[in-house]
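Biologist: Hi! Could you pull up the model so we can walk through it together?
Modeller: Sure, here it comes.

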Amino acid sequence: MRLRSVFLALLIPVSLPGLLAQTASAPLAVVEGDVLNASSNAALPGARVKLQPLPQNEDAIYGKVDAQGHFVFRHLNPGSYQLVIDAPGFHESRSRLDVTVPQPPRRDQGVVRAAVSYRGSQIPEPKVTRTAEDDGTIHATVTAPMLAYSAISGKVTDPYGAPLAGANIELWKTRPPNFGMAAPSPGTSTSSAMRQNNARADSRGQYRLTRLEPGTYWIAVSKSSLNWIWQTGYRATYYPAALDLSSAQALKIEPGEEFHADIQVLKQSGVSLSGQLLGLPAGKMLSTRMTLVPADRESSEVPFTQGQDRFAFTDLLPGRYTLYAVTEDDMSDPMNPHRKPLFGAVRDVEIGKQDNAGFDITLEPAQTLHGKVEVPDGCSTVPASIQLRRRSRLGLEVESPIAADGTFTIENVPADRFAIQLSPGLPLISATKGARDVLKDGLEAPWHDDEALKIKASCPNRGVPR
Amino acid sequence: MKTVLLLSLLPAALAAQSVEGDVYDALTGAPLAGVTVNSGQNSSTRTDASGHFHLSPPGQVYQLVVAKAGYITTYKQPVNSPAVHIDLKPEAVITGKIVDEDGFPAGGAHVQAMRYRTINGRRQLMTGAWTESDERGEYRIDNLAAGRYYLLIFSNDAFNWDSRFVSQYLGGTIQPDDKHSIEVKMGETRKDVDGQLARFEGVTVTGRVEAVANGSRPAGQALNLTSRSPAAGRSATGFLDRDMNFTIRHVPPGTYTLRFGSYPPKAGDLLAQVPLEVADQDVRNLVVTPHVVQAIDLQGQVKLREGGSPGGWYVYLRPQMGYGVSAHSEDDGSFAAKGLLPEHYAVQVTPDRSASLSPTPSKGHVVSITLGDLDVSDTGFDLDGTPQQKPLIILVSNRYALLSGTAVDAQGAPIANASIYFQNVQTGRPANAATDDKGNFRAMLDEPGDYHVFVVDRDVMDSQGQDEYLNAHLTDFPVIHAVLGDNPPLRLVRSPTR
């Protein structure tokens, strides 16, 4: 207590404007420190240091360490700074440094706050000691251990041994305990939380994943839609030559390690499914887009094709699939969300071990859906629109407004399987179309009845009515 | 995008049922094995040891994509001939290391190989290919066509360290510099093209954002200065403090738009866009007044040059990011594009050929697109959120200048399977046709006028090498004059020296 009052007595005159001019040459704050290699505790020469005053409306102050890894900044104004240390080959160190009156004033250990801190990061934080000198100068002494980063690099080749230019290499990292996610599979969005990084192979097939922290990793060559020219005939492959994570090799990477991992992607030895597209009007150049969605597994490989009078899927793996086809008006721009579905089809199909060249599909016209949503009387929330979410993902969701009396009409409903959703999202009690329980079985188009879609929703603030 | 357009615009006559051919190295003439030949319908094959391939996909083949690592991917439209001859050009590569002024590696550097191209008669610096440097500053731009390149470099690492490391060209200049341009030949790998980023002090831009009508105080939001010169690099950024003041430091001289608000804009957002000229003096005390973004509708009219109903047309307005707005014209040509936001929109117009939304199919081509007095067909247009009084006028025509003829060599032998390329002398707009195995061709030119003619065999002219090729062959044939409707047949005799 006594110490603090002494300190304040010393400090107050310094903050008076009149005195500030007299003491302009006096140092107000000093920041000095040592930069170390965290693995060896040896001094790290060749680093550079930045102090960025916060908030960031002033220029930063720059410096370099000497041969002993030491740096000094003098004549600083007290305040908050971002301290950034950069050394080639090491993770950047970035922390917030408060160069202010320490509490208690004389000695204050380790009060640096890391500005960037994320779960599981092993990048060490600098330690700081702050003291107030008798002349009022604030002195901050920093010890900054730097962690060397690791890298994984190598070459990706196709099943024939030629470079796989443009290949997408995904880096997966160990899940922290109790993270509660499904096993990662390349390309799927459900487990992307643990996908750390990715790299693209150059025209020699070479890639480099870098600035890695030590840890356990897997790498996989996925089938990205961007390099479709190259992506026929091979499968998403985990290092060194596995189709799934359980048989992939975990890479335990040490600090500063450069791990070399060449990957030859596995050849796809699937069968084909092809046939004619029937039922389209003659004389119009209409293109039909088709996809095969695996029925029994979440897969990053969803086959896609398009055709005018015939279609073909190749390189298929055995299993149960649902085939979705949609023919849209002839706008030539696939980015255009307003393409109108004209015809379509949905078929369940079992892919065996033999090619099937006679899988003809009759496309049926898009239909109009009438329906009504019933909400309990006096409900404060009334649904404004209904959404049909497409299982095929062949286009945008179908959405339509709901009139004040609860009725709706949706034109141009494409062939697809749909989940129904109201907006704002009211809980559904029942949804039926004729004899079909849409809530349980989903809505499927085309349908072959004239029944309306009848939906009963409950009121979120009143619960389920009787 | 381009390939999809080609697919749908190609007449059915150009499609082949099954196709075979041979692939060669354009530099050595040697047959190329292991080349992927893809017809874009999940149907692909590889060339054998003698460079030969055979592809019989289930549908018709409109276009072949021919690719091999280390070569520039080539797109080829098969014609009805016994075998397609394809020359693959070996890629050129530029590789090196970028450091900053302190000698530290410039990691995460976006290195863009820019080159001059003439688009519809205008010479512009455009991106050829780009890459990102690794954390050691090392970069490798591959898949380059032969030509002269200017490297535009922006390093995230260097900029985050010191915002004076602005986007700059190799050699440390803000503007492209011939002295530091790199000329590469077909198949050449140019190594050690190293660069050192220079610090640019620039000037400081300060100001404040006025209190907003709806009373919200969006402190902490970013303001961006985006250069309006296509040859310049990245934007500079500043943040609003609690008192709604902002400071953007180290802004190099140039023409900018100062933008406040999220991008892409949404209705209800706050937005301000101020044009700003920056020279060698600080710009102080700017006052930026945001307004609430409102979606507006734009009325338009498709007009048939020959008179009468133009039939139905699709009009697609595409912003720089996100989904666009499409409209379909009525039989009288009127249309309304709804829900447009303050954005730059490019215009794309296509006829409703299959009459999916119109009573009768339409056909033809676009002659001009004007908004007020401005021709916006190449440039697109900016909307600032205020209601647009002027309609978008799209002039279309269903008449063409029809050209036919034969291409022969000096001995009178037909030049088969060649491209005939036409370039309008005044506007630079191109058109092309292909010869059959007897050297005959037919072409439909959108516009009458004077045209340069080029006979291009094999695949020597891909999109990237186009300018150099056309300049070198400008006088191979005399300029022709084409009128609307039928024209007298052409006989193109190619001299042996060329």
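Biologist: Let me start with a small one: which residue is the bridge partner of Leu317(B) in S27(B)?
Modeller: That is Val325(B). One thing to keep in mind throughout is that we are looking at a predicted model.

Biologist: Noted! And how many bridges join S26(B) to S27(B)?
Modeller: There are 4 bridges, and the two strands run antiparallel.

Biologist: What order do the strands take in the open sheet that holds them?
Modeller: The order is S27-S26-S29-S32 in chain B, with antiparallel pairing. S27 and strand S32 (381–382) of chain B are the edge strands, each pairing on one side only.

Biologist: Nice. What about the open sheet of 5 strands, what is its order?
Modeller: In chain B the order there is S28-S25-S33-S30-S31, and the pairing is mixed. At the edges sit S28 and strand S31 (374–375) of chain B, each with pairing on one side only.

Biologist: How many bridges join S30(B) to S33(B)?
Modeller: S30(B) and S33(B) share 6 bridges and run antiparallel. Within S33(B), Leu392(B) stands opposite Leu371(B).

Biologist: Switching to packing: how many residues are in the largest nonpolar core?
Modeller: It has 26 residues, and those with the most contacts inside it include Leu317(B), Leu340(B), Phe381(B) and Leu392(B). Several strands of chain B give two or more residues to this core, among them S26 (313–319), S29 (344–351) and S30 (365–371).

Biologist: Which element gives the largest share?
Modeller: S25(B) does, with 4 residues.

Biologist: I'd like to zoom in on Val347(B). What is it in contact with, leaving aside neighbours within four places in sequence?
Modeller: Val347(B) is in contact with Val315(B), Tyr316(B), Leu317(B), Ile369(B), Phe381(B) and Leu392(B). Val347(B) is also listed among the core residues with the most contacts inside the core.

Biologist: And what lies apart from that core?
Modeller: Another core, of 25 residues, including Val35(A), Leu44(A), Val65(A) and Ile85(A). As a general point, nonpolar side chains tend to be buried together in soluble globular proteins.

Biologist: Since you mention chain A, how many helices and strands are there in it?
Modeller: Chain A has 3 helices and 38 strands. It is 466 residues in length, and 47% of them count as buried.

Biologist: How much area does chain A expose?
Modeller: About 22700 Å², with carbon and sulfur atoms supplying 51% of it. On the contact side, taking pairs in chain A at least 6 apart in sequence, 66% of the contacts join residues at least 24 apart.

Biologist: Back to chain B. Why is strand S7 (residues 84–88) largely enclosed by the rest of the structure?
Modeller: Because 4 of the 5 residues of S7 in chain B are buried. Strand S1 (residues 19–25) of chain B pairs with S7(B) in the parallel sense over 5 bridges, and Tyr24(B) stands opposite Asp87(B) in S7(B).

Biologist: Last stop, Pro31(B). Where does it lie?
Modeller: Pro31(B) is in the loop between S1 and strand S2 (36–38) of chain B. Its relative accessibility is 42%, so Pro31(B) counts as partly exposed.

Biologist: What does Pro31(B) contact, leaving aside neighbours within four places in sequence?
Modeller: Its contacts are Val23(B), Tyr24(B), Ser50(B) and Gly51(B). For Glu132(B), 101 residues apart from Pro31(B) along the chain, the C-alpha atoms are separated by 33 Å.

Notes. Residues numbered from 1 in each chain as written. Chains lettered and ligands numbered in written order. Predicted model: local features only at pLDDT ≥ 70, side-chain atom pairs only at ≥ 80, totals over all residues. Heavy atoms only, no water. Core = buried A, V, L, I, M, F, W, Y, C linked by side-chain atoms within 4.5 Å. Buried < 20%, exposed > 50% of the residue type's maximum accessible area, 1.4 Å probe, protein only. Contact = heavy atoms within 4.5 Å. Pairing = 2+ DSSP bridges. Areas by Shrake-Rupley, 256 points an atom, 1.4 Å probe, with all protein chains shown as cover.
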